[in-house]
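Let's take a walk through this model, strand by strand and contact by contact. Keep the view open while you read.

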Amino acid sequence: MSLRRTSTVVVGAGAYGLGMSHALSDLGIDHLLLERGPSGDAWRSRRWQSLRLLTPNWANGLPGAPYAGPDPDGFMAAAAFADSLDSYRHRIAAPVQSGIYVTGVEQRAGGFELATTRGPIHCRSLVAATGACGTAIRPPLADALPESVTQLTPADYSAPSDLPAGTVLIVGASASGVQLAREIQSSGRQVVLAVGRHIRLPRRYRDRDIYWWLDAVGAMDERFDRVEDLHRARRAPSPQLSGGPGAVDLTALRALGVELVGRLMEIRGRHALFSGGLTHQCAAADAKLTLLLSRFDDHAARDMAGSDLPEPLRLPPVLPPQTPRLEIDLEAGEIGSVIWATGYRPALDWLTLPVADRRGRLAHTGGVVDGVPGLYLLGLPFLRRRRSGLISGIGPDCADLANHIATRLAASRAA
């Protein structure tokens, strides 16, 4: 096949890929978007049935297309968001080529050559916009799980009815873990939730959504180059929220009957062993929440005088079990399945270039890959600002990197 050429290739035509297409088009930069399936396919095929976005609809506008529906304070279903991406793709006339797999990338003079299932493509700039949630993580200790116990990830889970009989052990108490714990426990199944480091947030505070407050105090626009420990910030767990009313924090889950245990430390033989630090993890999350709510209250007192806000309040601290279990016999018949809600990693197996540091972390400065001129990353947590990774972060991040691409292309032409 003949070699195709374009200024910029964007791999991934999901929300971030389409946002980058919008930004590149605004700057008059010719480009292609390569996508394995339909736009937003992951939101349909790799999410559980009841999932809704964690951010309210008013925060889910795409670049050049703010939310204009009838329910700004509602929470969009994952499938509905996938449909909105497909509509957005046509609205901006994004040059998407679907059904193309990138199998490798090599640096060439003046850019990159991509090997694809439809022949080679040469570009001067390359954007990896496949996002942060390409592959659900199964930790190494998953290999030690007895064969009698079914194991899956949130990407495999669809509904409680699909799980085998027995108690469900969910490992991880961030957004996915607590949402699944509530859904499965509410279906009549017993859930044991293994809790490590987590972020406790209320869905609403003083009659405003929590993301309204985070925007109001400027927390979501904190920049990557102003954070003391950026690597830690990028590894922060997703907050214990669900799309819609109702709490999913540990207090609410205990009230439903979910059993809380500490962090899963080891599977030794037939036994799962848990940390004894559950009380400490809960207290740490409560302390951080108190500091954050105080920041909101200070903002309200300083900048919202006269507003009809309810009085400040504090959530009661989480009270974990006095003597949580430290081990469970996995072959005693109690545990029927384990759900590894232990996070995701980007699916960058196609990117056959040196993009990781010696610790295996993606090496980039605000999405500009270190040591590989013309290579960019999009859709990762805290890429350029704290809202990176959220839908509201698409526009700012794409605009920044599109401007960087334009400047580099202009300098190259001038040279």
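## Strands, cores and charged pairs

Strand β8 (residues 150–152) runs parallel to β17, and 3 bridges hold the pairing. Keep in mind that this is a predicted model. Looking at single residues, L152 has I339 of β17 as its bridge partner. β17 also pairs with strand β9 (residues 167–171), again in parallel, this time over 5 bridges. There, V171 is matched with W340 of β17. And how many residues of β17 are buried? The strand covers residues 335–340, and 6 of its 6 residues are buried.

Elsewhere there's an open sheet of 3 strands, ordered β14-β15-β16 and paired antiparallel. Its edge strands are β14 (264–268) and β16 (327–329), each pairing on one side only. On average, neighbouring strands of this sheet are turned by 20 degrees against each other, direction ignored. β14 meets strand β15 (residues 271–274) over 4 antiparallel bridges, and E266 has L273 in β15 as its bridge partner.

Now for the nonpolar interior. In soluble globular proteins, nonpolar side chains tend to be buried together. Here the largest nonpolar core has 56 residues, and L114 and L126 have the most contacts inside it. Beyond its neighbours within four places in sequence, L114 touches a long list of residues, including V9, V11, L34, V102, I121 and L126. Another core lies apart from it, with 26 residues, among them L163, V168, V248 and L250.

Helix α1 (residues 15–26) is worth a look too. Its 12 residues reach 17 Å from first C-alpha to last, close to the 16 Å expected at 1.5 Å a residue. The helix is mostly covered, with 9 of its 12 residues buried; among them are Y16, L18, M20 and L24. The elements covering these buried residues include β1 (4–11), β2 (31–35), α3 (78–91), β6 (121–128) and α9 (394–414). Just after α1, G28 takes a positive phi of about 75 degrees.

Over in helix α8 (residues 278–303) you'll find F296. Is F296 buried or exposed? F296 counts as buried because its relative accessible area is 0%, and the cut-off for buried is under 20%. Leaving out residues up to four places away in sequence, F296 touches Y205, I210, W213, L214 and V217. One of these, I210, is 86 residues away along the chain, yet the two C-alpha atoms are separated by 9.8 Å.

On to charges: the structure holds 22 salt bridges. Here are three of them.

| Salt bridge | Closest N and O atoms |
|---|---|
| D249 with R200 | 3.0 Å |
| R314 with D297 | 2.7 Å |
| R361 with D357 | 3.3 Å |

D249 and R200 form a salt bridge between distant parts of the chain: D249 sits in the loop between α6 (230–234) and α7 (250–256), R200 in the loop between β10 (191–194) and β11 (204–205), 49 residues apart. D249 is buried at 7% relative accessible area, and R200 is buried at 4%.

R314 and D297 pair up as well, linking the loop between α8 and β16 to helix α8 across 17 residues. In this pair R314 is partly exposed at 36% relative accessibility, whereas D297 is buried at 11%.

For the third pair, R361 is partly exposed at 25% and D357 is partly exposed at 28%. Finally, R384, R385, D397 and D400 are linked in a network of salt bridges.

Definitions and conventions:
Residues are numbered from 1 along each chain as its sequence is written. This is a predicted model: local features need pLDDT of at least 70, side-chain atom pairs count only at pLDDT 80 or more; totals for chains, interfaces and linings use all residues. Side-chain values use heavy atoms; hydrogens and water are left out. Buried means under 20% relative accessible area, exposed over 50%, partly exposed in between (1.4 Å probe, protein chains only). Helices (H or I, at least four residues) and strands (E, at least two) are DSSP runs, numbered from the N terminus. Two strands pair if DSSP finds at least two bridges between them. Contact means heavy atoms within 4.5 Å. Axes are lines fitted to C-alpha atoms, for helices over the stretch in contact, and angles run from 0 to 180 degrees between N-to-C directions. A nonpolar core is a set of buried Ala, Val, Leu, Ile, Met, Phe, Trp, Tyr and Cys residues joined through side-chain atoms within 4.5 Å. The expected span of a helix is 1.5 Å times one less than its number of residues. A salt bridge is a side-chain nitrogen of Lys or Arg within 4 Å of a carboxyl oxygen of Asp or Glu.
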